[in-house]
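Please open the structure in your viewer and display it as a cartoon, with side chains available on request. The tour below proceeds selection by selection.

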Amino acid sequence: MSSIARLTGAAVAAGVVAAAIALPAVGGTGAMFVSASEDLGIKPQELQEPPLAERTTVLDSKGDTIATFYEEYRQNVGLDKIADVMKTAIISIEDYRYYEHGPIDIEGTVRALAKNLSSGGISQGGSSITQQYVKQVLLNSGTTKKEKNAALEASYARKLNELRYAMAIEQKYTKDQILEKYLNIVYFGARAYGIEAAAKRFFGVTAAELTLPQAATLAGAVQDPLQTDPSRGKEYRARLLARRNVVLDRMAELKKITPEEATAAKATKLGYKGTPLPGGCEASDYPYFCMYVRNEILSNPDFGKTKKARTQFLNRGGLTIQTTLDPKMQAAAEQAIKKHVHPSDNPVASEALVKPGTGEIKAMAASRNYGISKRKNEMSYNVVADAVHGGGIGFQAGSTFKTFTLLTALKQGMKINDGFTVGSGFRAPYYSSFKNCKGENIGDPSATITNDEGGGGFKSLATGTWGSVNTFFMTLEQKVGLCNVIKTAQSLGIKRADGNPLREFETFTLGINEMDPVTVATAYAAIGARGKYCAPMAITSIKDRDGKVTNYKPKCKQAIDPEVTDAAANILSGVFTKGTMRGVGGIGRPAAGKTGTTDAQSTAWFAGFTPDLAGAVSIGDPRGAVSYKLNNITIGGRYYGSVFGASIPGPIWKDTMLSALKGIPATDFTPVNSSRFGGCGQSCQPQRRVEPDDRGDRNPSDWLTDTTLPR
């Protein structure tokens with residue numbers, strides 16, 4: 001009696017109906033059709049094969065990997081990159097007649113049908129490797145839980161569909177191609193998808209380097225990867241070991257290895273290493289920059305119309321993302337912060353470096369490690385960036401915002417040494433002294449602004465900036481118009497870290513809005529680029545799984561007249577020699593910047609730039625800067641009565657720049673147009689005064705038409 005007849009007889013004896021055994025064996029040595037297959041409509045059906053989820057790799061500007069993203073950790077390899085013993089092991093245990101039959105193994109399937117019917121359910125698979133590949137494709141294609149469950153349901157309808165798809169697959173590909181696809185798609189356990197990831201995860205080797213016991217282990221794992229997952233504990237590893245030995249016995253039975261080889265392999269230990277998978281941002285050496293890149297893709301419509309599409313693009317796309325991160329500059333920022341602020345300190349220091357003229361983010365660093373451990377005092381969000389890029393609410397930027405008032409005054413025609421006399425306190429004489437950009441009166445006549453750093457007296461644009469005199473800048477903002485100052489800031493990319501609208505109050509110039517270092521550094525970089533504002537940029541190119549490269553260019557605009565920024569840079573350079581940073585000093589090359597300290601030392605900042613690099617440093621307590629001020633506090637092992645912008649942020653910025661710019665030729669600032677702005681900069685004496693009426697009985701708007709004030 002033929003084998004088919006015996007199997008058919010067994011199936012009939014078990015109660016198999018004719019329709020259930022009308023299964024074709026197409027191709028190979030067993031080419032045949034059971035009659036009535038055409039009547040039953042068992043014909044090949046095209047299977048949609050979406051690209052497999054592959055890991056995305058993120059590179060720094062030098063081409064080194066800094067992070068990986070994936071929904072499923074997988075790295076596709078060709079069949080020639082897989083050890084022959086691995087191919088033999090998987091075929092021996094899963095489908096030993098794989099190269100002899102068509103899309104279905106008649107003997108195995110009928111045997112399974114008989115067993116299933118006698119047991120009253122689906123207890124035996126009988127699936128060929130081709131059928132298993134089909135099932136994996138359907139499982140991976142499912143985007144909902146319902147679709148994924150349908151790919152796994154225990155039903156003959158599902159098996160019949162598998163067969164139709166399998167028939168089409170075997171017509172489309174060679175046996176070797178199908179085996180390669182199967183080994184790249186199947187799940188092995190321990191979060192490893194595909195043979196290459198499994199080899200690295202289980203044993204720390206590539207698929208090409210697998211030994212006999214290792215190959216048998218992985219071949220055994222595919223049957224029930226959850227129950228033999230070695231990462232879940234001793235019980236699971238014991239099951240995997242037993243399963244490995246079953247594979248070795250089967251290989252010996254099929255004479256693929258000798259009994260002696262099987263015995264020797266079975267005598268070895270499991271050897272599971274649990275090699276850590278390359279993870280997301282928490283595993284990156286540059287977690288804050290990594291978070292910025294990740295959230296840039298997830299939030300930017302350039303990378304997909306919906307968040308779901310963008311998430312799949314990132315986690316499944318097999319991309320290679322080239323970024324702007326400069327490892328040398330990143331190390332400079334990290335070392336400078338570490339020198340002044342400890343990870344265990346409650347206040348956190350953070351810094352961003354941005355290249356003028358491109359907006360490229362070169363570094364993002366913070367004093368605390370990224371993570372969720374309270375015991376280790378880790379940061380659970382991106383303290384260097386805004387909320388869109390994984391950040392929080394930010395810190396008030398303090399006097400760094402005075403620069404926007406300075407720029408506005410220069411735009412309106414004031415010269416470097418123009419100025420006026422101010423007192424030690426400022427009070428708006430009229431409710432209408434300040435108007436927001438809606439034209440609403442927002443001045444508070446009852447509020448008095450005092451000077452934290454500089455005193456009163458005559459102040460020019462230069463000396464008022466060097467001393468960071470609050471009353472001078474409140475008066476200056478009043479003269480040039482609050483809304484004009486706001487528009488200047490916005491033209492340089494200024495927006496609140498939390499994404500809410502800017503707070504348009506008279507104290508805008510004093511930095512009442514919460515900011516993040518990336519945004520502030522980018523604004524100051526625009527001054528270094530002579531008014532050319534470039535949006536923050538972290539990604540320069542993306543190569544997809546097919547090798548297609550998309551390059552991304554800086555998004556820039558000329559936001560401010562170059563000559564205005566030349567004059568501002570001239571004034572701000574004096575902050576190092578005659579201003580609030582004179583105790584810290586410069587960096588041995590042209591540089592400019594501004595300290596920032598908020599009311600009662602809640603937070604402190606320094607933002608500065610050269611024509612080659614800009615940076616912003618902030619420090620504050622993330623528990624609540626207003627409640628936990630920077631007074632009578634020990635930071636970095638040093639006691640501070642009060643922390644100002646020049647106390648910690650300024651020295652961090654200086655140390656960073658000295659290291660980050662080492663070996664880069666210095667670039668000079670463009671000289672000031674003296675006919676327009678006076679031109680003698682730091683060495684000049686006051687040229688003329690613009691005196692407000694001390695009695696307060698004159699509308700401040702009249703000052704803008706005063707003949708002594710240039711328009």
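**A sheet and its helix**

Begin by selecting residues 348–354, which form strand β6, together with residues 614–620, which form strand β20: the two run antiparallel and are joined by seven bridges. The model in view is a predicted one. Within this pairing, select E351; opposite this residue, in β20, stands V617.

Next, extend the selection to the whole sheet. Its five strands follow the order β7-β6-β20-β19-β18, with antiparallel pairing, and the sheet is open. Which strands form the edges? They are β7, at 361–366, and β18, at 592–597, each of which pairs on one side only. On average, and with direction ignored, neighbouring strands of the sheet are turned by 5° against each other.

Now add residues 517–528, helix α20, which packs on this sheet. The helix touches β6, β7, β18, β19 (604–609) and β20, and its direction makes about 35° with that of β6.

**The disulfides**

Turn now to the cysteines. A disulfide is a covalent bond between the sulfur atoms of two cysteines. The model contains three disulfides, counting sulfur pairs within 2.5 Å.

Select C281 and C290. Their sulfur atoms lie 2.2 Å apart in a disulfide, and the link is left-handed, with -80° about the S-S bond. Both C281 and C290 are buried.

Select C437 and C483 next. This disulfide has its sulfur atoms 2.2 Å apart; with 110° about the S-S bond, the link of C437 and C483 is right-handed. The pair links distant parts of the chain, 46 residues apart: C437 sits in the loop between β10 (425–426) and β11 (449–450), while C483 belongs to helix α19, residues 482–491. Is C483 buried or exposed? C483 has a relative accessible area of 15% and is therefore buried, the limit being under 20%. C437, by contrast, has a relative accessible area of 32% and is partly exposed.

Finally, select C534 and C556, whose sulfur atoms are 2.1 Å apart in a disulfide. The link of C534 and C556 is right-handed, with 105° about the S-S bond. Because C534 lies in strand β14 (residues 532–534) and C556 in strand β17 (residues 556–558), the pair ties together parts that are 22 residues apart in sequence. Colouring by accessibility completes this stop: C534 counts as buried at 4% relative accessibility, whereas C556 is partly exposed, with a relative accessible area of 32%.

How values were computed:
Residues are numbered from 1 along each chain as its sequence is written. This is a predicted model: local features need pLDDT of at least 70, side-chain atom pairs count only at pLDDT 80 or more; totals for chains, interfaces and linings use all residues. Side-chain values use heavy atoms; hydrogens and water are left out. Two strands pair if DSSP finds at least two bridges between them. Helices (H or I, at least four residues) and strands (E, at least two) are DSSP runs, numbered from the N terminus. Axes are lines fitted to C-alpha atoms, for helices over the stretch in contact, and angles run from 0 to 180 degrees between N-to-C directions. Contact means heavy atoms within 4.5 Å. Buried means under 20% relative accessible area, exposed over 50%, partly exposed in between (1.4 Å probe, protein chains only).
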